[in-house]
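Open the model in your viewer and keep the selection tool at hand. The stops below say what to select next and what is found there.

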Amino acid sequence: MSGKVVTLEPSVAPPWRLRPLALAAVALARLLERLPPRRLRQVLRLASRGARPADVTTVLRARNAVVAVSIRCAGPRCLQRSIATALLCRAGGSWPEWCTGVRTQPFQAHAWVAVDGVPIGESINDIRYFHRTMTVSVQP
């Protein structure tokens with residue numbers, strides 16, 4: 001990964017037209033996060049099929065919208081937040097890299113979205129310690 005950091009825009013409310021889609025993505029993500037990992041990967045691969053790769057602006061906008069409409073996603077619910085962000089991007093026709101990973105010292109699991117390997121809205125200093133365990137990119 002490069003040293004580039006892409007962070008959230010502070011307190012930027014999403015446009016009104018994006019809010020219903022963001023809420024729907026958050027609700028669907030809450031259901032999907034309960035799936036076993038293998039099944040979740042299958043569902044996300046299906047969702048990513050035929051999409052174009054997402055750009056940084058699109059992913060950051062989607063992540064900001066998800067965080068703005070959901071207190072759970074604004075907090076420690078990284079799995080739900082990352083799934084909702086990916087689904088919201090997909091609603092616009094694109095797909096980011098959806099990633100999960102673990103670190104051992106101290107043990108922690110995390111989920112995030114990235115563009116060209118660069119985590120979006122995450123600290124690169126924190127993410128670099130995670131070993132990727134699952135990634136879903138654009139499927140042909």
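In this tour, Ala, Val, Leu, Ile, Met, Phe, Trp, Tyr, Cys and Pro count as nonpolar, Asp, Glu, Lys and Arg as charged, and the others, Gly among them, as polar. The model is predicted.

**The largest pocket**

Select Leu18, Leu21, Arg52, Thr58, Arg61, Ala62, Leu88, Cys89, Ala91, Gly92 and Ser94, which line the largest pocket. Its volume is about 150 Å³. Colour the lining by class: 6 residues are nonpolar, 3 polar and 2 charged. Now show helix H3 (56-69) and helix H5 (78-91), each of which supplies at least two residues of this lining.

**Arg52, from the pocket lining**

Keep Arg52, one of the lining residues of the largest pocket, and hide the rest. Arg52 belongs to strand E1, residues 52-53. Draw a distance from its C-alpha to that of Cys89: the two are 37 residues apart in sequence and 10.0 Å apart in space. Leaving out residues up to four places away in sequence, the contacts of Arg52 are Gly92, Gly93, Ser94, Trp95 and Val138.

**Helix H1**

Move to helix H1, residues 19-32. Its 14 residues should span 20 Å at 1.5 Å a residue, and the end C-alpha atoms are indeed 20 Å apart. Select Ala22, Ala25, Val26, Ala29 and Leu32, the buried residues of H1. Look down the helix axis: these buried residues fall within an arc of 125°, so they line one face of H1. The face turned away from the buried side carries the exposed residues Pro20 and Leu31. To see what covers the buried residues of H1, show H2, H3, helix H4 (71-74) and H5, which are included in that cover.

**Helix H2**

Next comes helix H2, residues 37-48, with 12 residues. From first C-alpha to last, H2 reaches 16 Å, close to the 16 Å expected at 1.5 Å a residue. Which residues of H2 are buried? They are Leu40, Leu44 and Ser48. Because they cover an arc of only 70° around the axis, they sit on the same side of H2. Turn the helix to its other face, away from the buried side, and find the exposed residues Arg38 and Leu46.

Add the partners of that buried side: the buried residues of H2 pack against H1, H5, strand E2 (94-95), strand E3 (97-104) and strand E6 (131-136). Following H2 is Gly50, with a positive phi near 80°.

**The largest cavity**

Rolling a probe the size of a water molecule over the atoms shows where empty space is left. How many cavities of 30 Å³ or more does the structure hold? It holds 1. The largest cavity contains about 40 Å³ of space. Select its lining: Arg63, Cys78, Arg81, Ser82, Thr85, Ala111, Trp112, Val113 and Glu122. H5 and E4 are the elements that give two or more residues to this lining. H5 gives the most, with 4 residues. By class, the lining of the largest cavity has 4 nonpolar, 2 polar and 3 charged residues.

**Trp112, from the cavity lining**

Keep Trp112, one of the residues that line the largest cavity. Trp112 is placed in strand E4, residues 107-115. Is Trp112 buried or exposed? Its relative accessibility is 1%, so Trp112 counts as buried, the cut-off for buried being under 20%.

Now show what surrounds the side chain and backbone of this residue. Not counting residues up to four places away in sequence, Trp112 touches Ser82, Glu97, Trp98, Cys99, Thr100, Gly101, Pro119, Glu122, Ile127, Phe130 and Arg132. For a distance along this part of the chain, pick the C-alpha atoms of Trp112 and Thr135: they are 23 residues apart along the chain and separated by 9.7 Å.

**The loops on either side of E4**

Go to Pro106, in the loop between E3 and E4. The peptide bond joining Gln105 and Pro106 is cis, with omega at about -10°.

The last stop is Asp116, in the loop between E4 and strand E5 (118-119). Asp116 is not a glycine, yet its phi is positive, about 55°. Asp116 has a relative accessible area of 71% and is therefore exposed, the cut-off for exposed being over 50%.

Conventions. Residues are numbered from 1 along each chain as its sequence is written. Side-chain values use heavy atoms; hydrogens and water are left out. On a 1 Å grid over the protein atoms alone, a cavity is a set of points where a 1.4 Å probe fits but cannot get out, and a pocket is an open set with protein on both sides within 12 Å along at least five of seven lines; lining residues have an atom within 4 Å of a point. Grid points are joined across faces, edges and corners, and a volume is the space filled by probe spheres set on the points. Buried means under 20% relative accessible area, exposed over 50%, partly exposed in between (1.4 Å probe, protein chains only). Contact means heavy atoms within 4.5 Å. The expected span of a helix is 1.5 Å times one less than its number of residues. The arc is that of the directions from the helix axis to the C-beta atoms.
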